[in-house]
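Q: I am new to this structure and would like a close look at a single residue. Please set out the chain as a whole, then describe the part around that residue.

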Amino acid sequence: MQFNQEVIVYGLKASKGTFEGRDFDATTFHVEADLKANAAGKSLGRVTTPMKFGDSTELDKWEHLAKHFPIKAQATFDVQANGKGETNLVLLGIKPAAQSKAA
């Protein structure tokens, strides 16, 4: 199931290279999220969560916005289930919404 959502991006990190004989090439977006309650049911505030999207060149597309972080962005997500009650939220696409500083 896909859906669009406005998000706040706090930063990006590109990674490219080889580790233990395997190539990797990705960009990680650090996106704001609600802080999940602990076992006692208590939490306050928000955190950022890392989400991978695209290869290391994705960072180049955002570099001109460096002075504007955190920024609002439009993201497309997919909820994927494994049929055993477990789901994953996958970032399918993300674009800056504006160059103004997020509230």
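A: Of the 103 residues in the chain, 26% are buried. The model is a predicted one. About 7300 Å² of the chain is exposed, and carbon and sulfur atoms supply 51% of that area. The C-alpha trace spans about 40 × 40 × 25 Å along its principal axes.

The chain has five strands and one helix, in the order β-β-β-α-β-β along the sequence. Among contacts between residues at least 6 apart in sequence, 55% join residues at least 24 apart.

The largest nonpolar core consists of 16 residues. V7, V9, F29, W62, F69, L91 and I94 have the most contacts inside this core. At least two core residues come from each of β1 (2–19), β2 (22–34), β4 and β5 (87–101). Strand β4 gives the largest share, four residues.

The residue for the close look is D78, which lies in strand β4, residues 71–81. D78 is buried but has no salt bridge. A salt bridge requires a side-chain nitrogen of Lys or Arg within 4 Å of a carboxyl oxygen of Asp or Glu, whereas the nearest side chain of opposite charge to D78, that of K95, is 18 Å away.

What the side chain of D78 does reach is the backbone nitrogen of M1, at 3.1 Å. M1 is also one of the residues in contact with D78 when neighbours within four places in sequence are left aside. The others are Q2, N88, L89, V90 and L92.

Notes. Residues are numbered from 1 along each chain as its sequence is written. This is a predicted model: local features need pLDDT of at least 70, side-chain atom pairs count only at pLDDT 80 or more; totals for chains, interfaces and linings use all residues. Side-chain values use heavy atoms; hydrogens and water are left out. Buried means under 20% relative accessible area, exposed over 50%, partly exposed in between (1.4 Å probe, protein chains only). Lys and Arg count as positive and Asp and Glu as negative; His and the chain ends are not counted. A polar contact is a pair of N or O atoms within 3.5 Å; within protein, one must be able to donate a hydrogen and the other to accept it, and residues adjacent in sequence count only if both atoms are side-chain atoms. Contact means heavy atoms within 4.5 Å. A nonpolar core is a set of buried Ala, Val, Leu, Ile, Met, Phe, Trp, Tyr and Cys residues joined through side-chain atoms within 4.5 Å. Accessible areas come from the Shrake-Rupley method with a 1.4 Å probe; for residues, only the protein chains shown count as cover.
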